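Student: I am new to this structure and would like to look closely at a single part of it. Could you take me through that part in one connected account, starting from the whole?

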Amino acid sequence: MRTFSRGMALAVLVCGSAAYADRNDFRITDLGNPAVDPEANTDFRAFARTFAAVMTSANLMPPETLGHAGFSLNAELSVIGLPTPGREDGQVTLPTEGSPTNPLLIPSVHVRKGLPFSFELGARVGWIDRSDMFTATGELKWAVNEGFTWLPDIAVRLHVTRLMGNKDFDLTAGGLDFGVGKQFPLGGMVTLTPYGGLDLTGVAASTDTLDFNQSRTRGDTLNPANPYAGLDNTGVYREVKLGENINSRLYGGVRFIGGALQLGAEVSLSNQGFIETSASTEDEPVNRALPAVLAFSTTLGLDF
């Protein structure tokens, strides 16, 4: 019986620890109640656009496709600099449970499959370090031009990324990527491909009804004098719409292939521009400059 009790205690301890959030998990209510602080809506929009730039900071493939029989499997790592928290120009608050790790690491697995007519289908799953959150990306690429001796490879990539495992809010980023590159043979089955491009990404985000009183108990909601006590200090952030929130990202990288082995590195810089604050009026808008997001990414994989 004592052994069983110890086993139960261990099971409770292990299962209970899984309920605790890690330091990089988000507690979105820390941005404040927009009913009390109108600038909280601006903070939510700034956070959504900034973290969308973090989620979409890596391309790690040149514009050329794999060919209709090709297949690629890669392990990737992105190292991303996070902004200073605050409400001034160039500052954004990320409402994490603890002090966020900076730079932020996102290891991921990237799978690509070549299709006929210079199309390519891909999927990427990444983990937000020190959190229970993941990113899931689907992409479709079409090489407008590839394989010519004296002309560069040119491609267009459609991509959608969604944040998974987060609580109380949804965050999705989708965009169109224009890439150019050129493969240079180094001898035998060894090639080097420099590439670069421009990625335009729209951001969409929304929240559930949020309880900004995180210490509320069940007894607090059972108030005979106020049947709506459970709704006190609750609210919803203003929706961030895809077509009104566009980030632009410039990237450049190089890929090395030796036989089936593939190595690559890439640097990207996301520019988010300005957003209007709650102090704006119809006659006089007041803008806040959002910070640029700098990322360095590497990849190691097999290209068949």
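Tutor: Of the 304 residues of the protein, 43% count as buried, and I should say at once that this is a predicted model. The protein has three helices and 15 strands, and among its contacts between residues at least 6 apart in sequence, 67% join residues at least 24 apart.

The part to look at closely is helix α2, which covers residues 39-55. Its 17 residues reach 24 Å from the first C-alpha to the last, close to the 24 Å expected at 1.5 Å a residue. This helix is mostly covered, with 16 of its 17 residues buried.

In soluble globular proteins, nonpolar side chains tend to be buried together. Here the largest nonpolar core has 35 residues, and F47, F51, L163 and L171 are those with the most contacts inside it. At least two residues of this core come from each of α2, β2 (104-115), β6 (169-181), β8 (190-207) and β15 (293-303), and α2 gives the most, with 10 residues.

Take F47 from this core: leaving out residues up to four places away in sequence, F47 touches F26, I28, L31, V92, T93, L94, P95 and F169.

A further contact can be followed from S270, which lies in strand β12 (residues 261-271). S270 counts as buried because its relative accessibility is 2%, where buried means under 20%. Beyond its neighbours within four places in sequence, S270 is in contact with A53, as well as with S248, R249, P291, A292 and V293.

Note on methods: Residues are numbered from 1 along each chain as its sequence is written. This is a predicted model: local features need pLDDT of at least 70, side-chain atom pairs count only at pLDDT 80 or more; totals for chains, interfaces and linings use all residues. Side-chain values use heavy atoms; hydrogens and water are left out. Helices (H or I, at least four residues) and strands (E, at least two) are DSSP runs, numbered from the N terminus. The expected span of a helix is 1.5 Å times one less than its number of residues. Buried means under 20% relative accessible area, exposed over 50%, partly exposed in between (1.4 Å probe, protein chains only). Contact means heavy atoms within 4.5 Å. A nonpolar core is a set of buried Ala, Val, Leu, Ile, Met, Phe, Trp, Tyr and Cys residues joined through side-chain atoms within 4.5 Å.
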